[in-house]
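Biologist: Hello! I would like a close look at one part of this model, with enough of its surroundings to place it properly.

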Amino acid sequence: MFIHGAIKKAKAQEAEKVAISLKVSIEVKTKLQKIADENNVSLNNLCASILESVLDGELDDQGTMKLIENLDDAKKTLSDCQKMIRNGDDTIEAVDGTFIDFHVEEKIALAKISAITAELRRRGAK
């Protein structure tokens, strides 16, 4: 779980520190203080390590899940384009009168898949 990684970081923090000021609800402060106390770390170190973990991408802030969803959508688009091309339908007219070129859409889908896959690898996601 995410908080366990943050606790390990809080215990190991030795870097030079600078002050920041945060205002949080009493409920949030109470929860954080309880976690800090239970794990024998300071509240400041815990908060700093949580922020560091977020910046390092260790917290799935729905960004990774959204990327996976976008990857699935791009793969479906690619599959649909390839089916249409195999059937001899290179283009179709959309409802608004514009034309959809499946060869272009296929290239766009491939580019999206490549970019999303690279970002997921960078994040260490599968």
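Which helix is the place of T77? Please start there and then take me through the rest of the fold.

Modeller: Happy to. Please keep in mind that this is a predicted model. T77 has its place in helix α4. With a relative accessible area of 33%, T77 is partly exposed, because the partly exposed class lies between the limits of 20% and 50%. T77 also has a partner from further along the chain: E105 is 28 residues away in sequence, yet the two C-alpha atoms are 7.8 Å apart in space.

Helix α4 holds K83 as well. K83 has a relative accessible area of 43% and is likewise partly exposed. Between K83 and F102 there are 9.5 Å from C-alpha to C-alpha, at a sequence separation of 19 residues.

Now for the interior around this helix. The largest nonpolar core consists of eight residues, namely L67, L71, A74, L78, A109, I113, I116 and L120. Helix α4, which spans 63–86, and helix α5, which spans 102–123, each contribute at least two residues to this core. A second core, separate from that one, has six residues, with L32, A36, L43 and I50 among them.

That second core leads us to another pair of helices. In general, a packed pair is described by the angle between the two axes and the distance between them. For helix α2 (residues 26–38) and helix α3 (residues 43–55), the axes come within 9 Å and cross at roughly 105°. Helix α2 is therefore roughly perpendicular to helix α3, since that label covers angles of 65 to 115 degrees. On the α2 side, the contact is made by K29, L32, Q33, I35 and A36, while α3 brings in L43, L46, C47 and I50. Sorted by type, the residues of this contact are seven nonpolar, one polar and one charged.

The loop between α2 and α3 deserves a look too, as N40 is found there. Most residues other than glycine have a negative phi. N40 is not a glycine, but its phi is positive, at about 55°. N40 counts as exposed, with a relative accessibility of 73%.

One more loop residue belongs in this picture. L22 sits in the loop between α1 and α2. Although leucine is a nonpolar residue type, L22 is exposed, at a relative accessible area of 54%. L22 and C47 are 9.8 Å apart, C-alpha to C-alpha, and 25 residues apart in sequence. C47 is also one of the α3 residues in the contact with α2.

Stepping back, the chain has five helices and two strands, in the order α-α-α-α-β-β-α from the N terminus. Of its 126 residues, 21% are buried. Among contacts with a separation of 6 or more, 66% are between residues 24 or more positions apart.

Finally, a word on confidence. The average pLDDT of the chain is 84, and 79% of the residues score at least 70. Strand β2 (residues 99–101) has the highest confidence, at 93, whereas helix α1 (residues 2–12) has the lowest, with a mean of 62. Where pLDDT is low, predicted coordinates should not be read in detail.

Terms used:
Residues numbered from 1 in each chain as written. Predicted model: local features only at pLDDT ≥ 70, side-chain atom pairs only at ≥ 80, totals over all residues. Heavy atoms only, no water. Axes fitted to C-alpha atoms, helices over the stretch in contact; angles between N-to-C directions. Helix = DSSP H or I, 4+ residues; strand = E, 2+ residues; numbered from the N terminus. Parallel < 35°, antiparallel > 145°, perpendicular 65-115°, else oblique. Contact = heavy atoms within 4.5 Å. pLDDT = per-residue confidence, 0-100. Buried < 20%, exposed > 50% of the residue type's maximum accessible area, 1.4 Å probe, protein only. Core = buried A, V, L, I, M, F, W, Y, C linked by side-chain atoms within 4.5 Å.
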